[in-house]
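Reader: I am new to this structure. Could you walk me through the terms used for it?

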Amino acid sequence: MFGPLIVKAGSSLNNKTGSWRTELKPKFLQKDCIGCKMCMTICPEGCIDGTVKNTFHCDFAYCKGCGLCAMLCPKKDIEMEKEK
Ligand code: SF4
Ligand code: SF4
């Protein structure tokens with residue numbers, strides 16, 4: 001029959017999802033950020049980190065380029081740019 005789809009338990013640390021991404025990736029400008037954490041809250045991959053204003057950034061090993069962070073940032077401090 002069919003084998004199990006998941007053979008081993010693992011954390012997301014072992015399952016980096018950023019090996020593919022949309023054509024765009026977020027650029028955290030770190031200029032006008034107010035530290036509201038909206039980007040961190042909305043990111044479906046949970047890959048945004050930061051503590052105080054102008055420190056927010058993402059881990060591209062997990063970012064899928066969905067653009068939600070840039071869309072919701074109230075200060076427009078995140079831009080989506082073409083993947084190089
Ligand atoms: S949503 Fe924008 S202003 Fe708020 S923490 Fe993220 S980058 Fe900063
Ligand atoms: S583009 Fe999407 S996956 Fe990447 S950091 Fe922003 S919200 Fe997260």
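Author: Here is how some of the labels are earned. This is a predicted model, where local features need pLDDT of at least 70, side-chain atom pairs count only at pLDDT 80 or more, and totals for chains, interfaces and linings use all residues. Side-chain values use heavy atoms, leaving out hydrogens and water, residues are numbered from 1 along each chain as its sequence is written, and chains are lettered from A and ligands numbered from 1 in the order in which they are written.

Reader: Why is Cys33 called buried?

Author: Buried means under 20% relative accessible area (exposed is over 50%, partly exposed in between, with a 1.4 Å probe and protein chains only). Cys33 has 15%, so the word buried applies. Cys47, at 7% relative accessibility, therefore counts as buried too.

Reader: Why does Cys47 form no bond with Cys43?

Author: A disulfide is a pair of cysteine sulfur atoms within 2.5 Å. The closest cysteine sulfur to that of Cys47 is in Cys43, 3.7 Å away, so the two are too far apart for a bond. The structure holds 0 disulfides.

Reader: What makes Lys64 lie over the face of Trp20?

Author: The rule asks that NZ of Lys or CZ of Arg be within 6 Å of the ring centre and within 35 degrees of the ring normal. Lys64 lies over the face of Trp20, 3.4 Å from the ring centre. Likewise, Lys25 lies over the face of Phe60, at 4.5 Å from the ring centre.

Reader: Which residues are the closest around ligand 2?

Author: They are Cys43, Cys63, Cys66, Gly67 and Cys69, out of 13 that surround ligand 2, where near means a heavy atom within 4 Å.
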